[in-house]
Amino acid sequence: MAQQSLTFQGVKNADQVNKITTALMMLDGVDSAEVGRHGADVDGRVKREALIAAVEKLKLGVSVS
């Protein structure tokens, strides 16, 4: 199992954190996701590009790197 970290800018509240958590957990290959206002640690076999795309698709105005 691989772990990947994402960094966020612009997450303002718990509702956004919950939406990001749900979006990441819905991806095939994600075993777990620890999400906070400043980033996420994701375990599983999923491409980094897919993680970033899932967050950007929410259109929350969050910058992901």
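Me: What makes α1 oblique to α2 in this model?

Reply: Keep in mind that this is a predicted model. The axes of α1 and α2 cross at roughly 140°. An angle has to be over 145 to count as roughly antiparallel, and 65 to 115 would be roughly perpendicular. The crossing fits neither of those, so α1 is called oblique to α2.

Me: How close do the axes of α1 and α2 come, and which hand does the crossing have?

Reply: They come within 9 Å, and the crossing is right-handed.

Me: Which residues meet where α1 and α2 come together?

Reply: From α1 you have I20, A23 and L24, and they meet L51, A54 and V55 of α2.

Me: How do you know that the buried residues of α2 are on the same side?

Reply: Start with the list: in α2, which runs over residues 48-57, the buried ones are L51, I52, A54 and V55. Around the axis they cover an arc of only 155°, so they sit on the same side of α2. It helps to recall that an α-helix has 3.6 residues a turn, so residues three or four places apart point the same way.

Me: What is on the other side of α2, and what covers the buried residues?

Reply: On the other side, E49 and K57 are exposed. The cover over the buried residues includes α1 along with β1, β2, β3 and β4. After α2 comes K59, with a positive phi near 55°.

Me: Why is Q16 called buried?

Reply: Look in helix α1, residues 14-25, to find Q16. Its relative accessible area is 10%, and buried means under 20%, so Q16 counts as buried. Leaving aside residues up to four places away in sequence, Q16 touches G10, V11 and L60.

Me: What makes β1 and β3 a pair?

Reply: Pairing takes at least two bridges, and β1 (residues 2-9) and β3 (residues 39-44) have six, so they qualify. They run in the antiparallel sense, and L6 stands opposite A40 in β3.

Me: How do you know that β2 pairs with β3 too?

Reply: The cut-off is at least two bridges. Strand β2, residues 30-36, has six bridges with β3, again in the antiparallel sense, so this is a pair by that cut-off. In this pairing, S32 stands opposite D43 in β3.

Me: How many residues lie between β2 and β3, and what do the strands form?

Reply: There are two residues between them, and the strands form a hairpin.

How values were computed. Residues are numbered from 1 along each chain as its sequence is written. This is a predicted model: local features need pLDDT of at least 70, side-chain atom pairs count only at pLDDT 80 or more; totals for chains, interfaces and linings use all residues. Side-chain values use heavy atoms; hydrogens and water are left out. Helices (H or I, at least four residues) and strands (E, at least two) are DSSP runs, numbered from the N terminus. Buried means under 20% relative accessible area, exposed over 50%, partly exposed in between (1.4 Å probe, protein chains only). Contact means heavy atoms within 4.5 Å. The arc is that of the directions from the helix axis to the C-beta atoms. Axes are lines fitted to C-alpha atoms, for helices over the stretch in contact, and angles run from 0 to 180 degrees between N-to-C directions. Angles under 35 degrees count as roughly parallel, over 145 as roughly antiparallel, 65 to 115 as roughly perpendicular and the rest as oblique. A crossing is left-handed if the near helix is turned anticlockwise from the far one by less than a right angle, and right-handed if clockwise.
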